[in-house]
Amino acid sequence: MKLSLTSWSFPACTLDECVGISKALGINALDVGLFYRPALDKAEILSDPRAAAARLAPHGIAFPNFYHLFGDGLGGRNLALPGTIDANAHDLDQVLTFADAAGIDSVFLLPGIVNPGQSRADAARTSAESLTALLDVASHHRARICIEPHVQSWAESPALVQRLIDETGIGLALDYSHFACLGYRQDEVDPLAKHAVHVHLRQAKMGALQTKFAEGTLNFPAMFGTLRDAGYSGWLALENTHQDYMNTLSEDVLTETITMRNCFRHWQEAA
């Protein structure tokens, strides 16, 4: 397993500055997305994906994962919204063309929300239909797609996520913090580790999606061991954030990033 840094961890920095931070911390890998100052150009990715990919090459680091939203925010053209499959499939083909050209291993999507007029079961069915179509698009590309089950999505429990995996075969951008925030124990999330395509790391506890490393409930050495024993050998993205979503505004992002980096390196050295 190896570490990456998420570009949206540093919303005031440019992409060049995020690359520099990753290099300075000895990580040399950066997950990219569509958020804040380091955002990539979504319009260019959709209209000229190879040109967008060429812009990343001069940075000289790995770009393991791209975080894509089809619409604006959590609700826009989300996977549980009826009538979006064709447009999303078209865009995903361009996104994966970009990812393949840029050497990006995976693209993570959100599973969708419970939209107006839906039940959770309705959202689950529509999301599964969307993912079946999107996985067919992805079968023609090298980069893999995966979803991140998250707070405020329809897929907020390990059982719901496992059911979606069983129905579609989708892999996960696995982030234990979203489950810990909702009160699930770490061992209740562990069975999902074998489905991980990408992993996000940050400390959390019940009621708090993000907290200081010393104040959270997630046992990261145990998590690293679970992932390894499940056969995971991919990227672990350091994802402390400074944003309005779920009140993740209070931590010193750089200090928490370094603390998590050191935790993993200490475990890795002894493994």
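The lining of the largest pocket in this predicted model divides into 9 nonpolar, 4 polar and 3 charged residues. That pocket has a volume of about 310 Å³, and among its 16 lining residues F35, Y67, L74, Q243 and Y245 lie nearest its centre. Two of these residues, F35 and Y67, also form an aromatic pair, and ring pairs link both of them with W8, Y36 and F108 into a cluster. The points below take up the open pockets, the enclosed space, the aromatic rings and helix 1 in turn.

**Pockets**

- The largest pocket, at about 310 Å³, is lined by 16 residues, and the nonpolar class contributes 9 of them, beside 4 polar and 3 charged residues.
- The second largest pocket holds about 170 Å³ of space, and its lining is made up of D105, S106, R142, R144, A196, V197, H198, Y232, G234 and W235.
- By class, the lining of this second largest pocket comprises 4 nonpolar, 3 polar and 3 charged residues.
- Strand 7, which spans residues 196-201, gives the most to the lining of the second largest pocket, with 3 residues.

**Enclosed space**

- Rolling a probe the size of a water molecule over the atoms shows where empty space is left.
- In this model the count comes to 1 cavity of 30 Å³ or more, and the volume of the largest cavity is about 80 Å³.
- The largest cavity is lined by 13 residues, and those nearest its centre are L69, F70, N78, L79 and L110.
- Its lining has 6 nonpolar and 6 polar residues, together with 1 charged residue.

**Aromatic rings**

- A pair of aromatic rings is described by the distance of the centres and the angle of the planes.
- The model has 12 aromatic pairs, including the edge-to-face pair of W8 and Y67, with 5.4 Å from centre to centre and 65° between the planes.
- This pair links distant parts of the chain, since W8 sits in the loop between strand 1 and helix 1 while Y67 belongs to strand 3 (residues 65-67), 59 residues apart.
- W8 counts as buried because its relative accessibility is 4%, and Y67 is likewise buried, with a relative accessible area of 11%.
- F35 and Y67 form a tilted pair, with centres 4.9 Å apart and an angle of 35° between the planes.
- Because F35 lies in the loop between strand 2 and helix 2 (42-47) and Y67 in strand 3, this pair ties together parts that are 32 residues apart in sequence.
- F35 counts as partly exposed, at 22% relative accessibility, where the cut-off for buried is under 20%.
- Taken together, ring pairs link W8, F35, Y36, Y67 and F108 into a cluster.

**Helix 1**

- Within helix 1, which covers residues 15-24, the residues L15, C18, V19, I21 and S22 are buried.
- These buried residues lie on the same side of helix 1 because they cover an arc of only 160° around the axis.
- An α-helix has 3.6 residues a turn, so residues three or four places apart point the same way.
- D16 and A24, on the other side of helix 1, are exposed.
- The partners against which the buried residues of helix 1 pack are strand 1 (2-6) and strand 2 (30-31).
- After helix 1 comes G26, which has a positive phi, near 75°.

Methods: Residues are numbered from 1 along each chain as its sequence is written. This is a predicted model: local features need pLDDT of at least 70, side-chain atom pairs count only at pLDDT 80 or more; totals for chains, interfaces and linings use all residues. Side-chain values use heavy atoms; hydrogens and water are left out. On a 1 Å grid over the protein atoms alone, a cavity is a set of points where a 1.4 Å probe fits but cannot get out, and a pocket is an open set with protein on both sides within 12 Å along at least five of seven lines; lining residues have an atom within 4 Å of a point. Grid points are joined across faces, edges and corners, and a volume is the space filled by probe spheres set on the points. Ala, Val, Leu, Ile, Met, Phe, Trp, Tyr, Cys and Pro count as nonpolar, Asp, Glu, Lys and Arg as charged, and the others, Gly among them, as polar. Buried means under 20% relative accessible area, exposed over 50%, partly exposed in between (1.4 Å probe, protein chains only). Helices (H or I, at least four residues) and strands (E, at least two) are DSSP runs, numbered from the N terminus. The arc is that of the directions from the helix axis to the C-beta atoms. Contact means heavy atoms within 4.5 Å. Rings of Phe, Tyr and Trp (its six-membered ring) pair if their centres lie within 6.5 Å; planes under 30 degrees apart count as stacked, over 60 as edge-to-face and the rest as tilted.
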